Amino acid sequence: ATLFYGFVGVFGYLFGNCSGAVQGNILLNFHPDDKLLVFARCCLTLTIVFAFPMLVVPSRDSFIRIYRMLTQCGRTEAYARLDDDAADDGQPTDSLRVDGNGGDCGEGTKVLLNLIIFASGVALAGTVSSVTVVWNICGSSFSIVMGFLFPCASYLLLESPAAREVGAVDRNRDRKIFWCRRAAYGILVVFLPLMVVCTINAVHTMVHDG
């Protein structure tokens with residue numbers, strides 16, 4: 001995969017130097033009747049179509065989990081009050097409990113959420129003038145978050161003094177963790193402002209060109 005992307009990138013760069021201009025979707029630089037490029041466009045279409053379920057289903061599950069997290073606190077308090085009342089009346093408390101996850105969503109709800117997420121994505125894609133707009137926004141914000149900020153923040157939380165187990169002291173490991181945490185803080189300090197600046201620049205460029 002690395003060699004293939006490198007091959008395409010190098011020859012795409014050479015093509016751009018020869019032609020003088022390359023569109024965001026390089027397939028648009030060629031004649032619409034070119035049979036080889038028609039096949040390439042069909043492959044791209046199939047890739048996008050089959051990639052949508054991989055994006056929609058995790059998004060749907062995330063929405064469901066967030067909803068359950070937001071409603072779980074109220075349910076827990078209600079269950080505690082029911083348990084207290086049942087205990088005062090001498091009744092068993094287990095019969096009053098239900099699934100802590102709030103039960104599974106019905107198939108109809110899942111299908112409706114899938115359609116809403118899919119339609120929202122299609123509507124948003126229809127308002128974008130070029131795929132380069134998406135690449136600029138994702139490259140300046142989401143890529144930095146997922147590639148640098150999120151891993152470093154996760155490491156700091158996992159290796160925080162409060163999260164570490166109390167046990168025998170390993171000075172070598174503690175020294176290594178100390179410097180790794182400093183490196184993680186350094187990455188956050190550098191890339192957090194960089195993400196903000198790059199995102200502002202991408203948005204400004206998008207608005208100015210639009």
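Helices here are DSSP runs of H or I with at least four residues, numbered from the N terminus. In this predicted model, helix 1 covers residues 2–19, and valine 10 has its place within that helix.

Valine 10 is a useful place to begin looking at the surface. Its relative accessible area is 46%, and because buried means under 20% and exposed means over 50%, with partly exposed in between, valine 10 counts as partly exposed. Val10 also belongs to a nonpolar patch on the surface, which it forms with Phe4, Tyr5, Phe7, Val8, Phe11, Tyr13 and Leu14, and the accessible area of these residues together is about 910 Å².

Some residues of this patch, among them Phe4, Tyr5 and Val8, turn up again in the lining of the second largest pocket, where Gly9, Ile26, Leu27, Phe30, Leu36, Leu37, Phe39, Ala40 and Cys43 also take part. This pocket has a volume of about 490 Å³. Helix 1 and helix 2 each supply at least two residues of its lining, with the largest share, 5 residues, coming from helix 2. By character, the lining divides into 11 nonpolar residues, 1 polar residue and no charged ones.

The largest pocket, with a volume of about 1,300 Å³, is lined by 30 residues, and those that lie nearest its centre are Ala125, Val131, Val134, Trp135 and Cys138. Helix 2, which spans 35–89, contributes at least two residues to this lining, as do helix 3 (107–126) and helix 4 (131–158). Here the lining residues divide into 23 nonpolar and 7 polar, with no charged residue among them.

Note on methods. Residues are numbered from 1 along each chain as its sequence is written. This is a predicted model: local features need pLDDT of at least 70, side-chain atom pairs count only at pLDDT 80 or more; totals for chains, interfaces and linings use all residues. Side-chain values use heavy atoms; hydrogens and water are left out. Patches are made of residues with over 30% relative accessible area and no salt bridge: like charges are joined within 9 Å, nonpolar side chains (Val, Leu, Ile, Met, Phe, Trp, Tyr) within 5 Å. Accessible areas come from the Shrake-Rupley method with a 1.4 Å probe; for residues, only the protein chains shown count as cover. A salt bridge is a side-chain nitrogen of Lys or Arg within 4 Å of a carboxyl oxygen of Asp or Glu. Buried means under 20% relative accessible area, exposed over 50%, partly exposed in between (1.4 Å probe, protein chains only). On a 1 Å grid over the protein atoms alone, a cavity is a set of points where a 1.4 Å probe fits but cannot get out, and a pocket is an open set with protein on both sides within 12 Å along at least five of seven lines; lining residues have an atom within 4 Å of a point. Grid points are joined across faces, edges and corners, and a volume is the space filled by probe spheres set on the points. Ala, Val, Leu, Ile, Met, Phe, Trp, Tyr, Cys and Pro count as nonpolar, Asp, Glu, Lys and Arg as charged, and the others, Gly among them, as polar.
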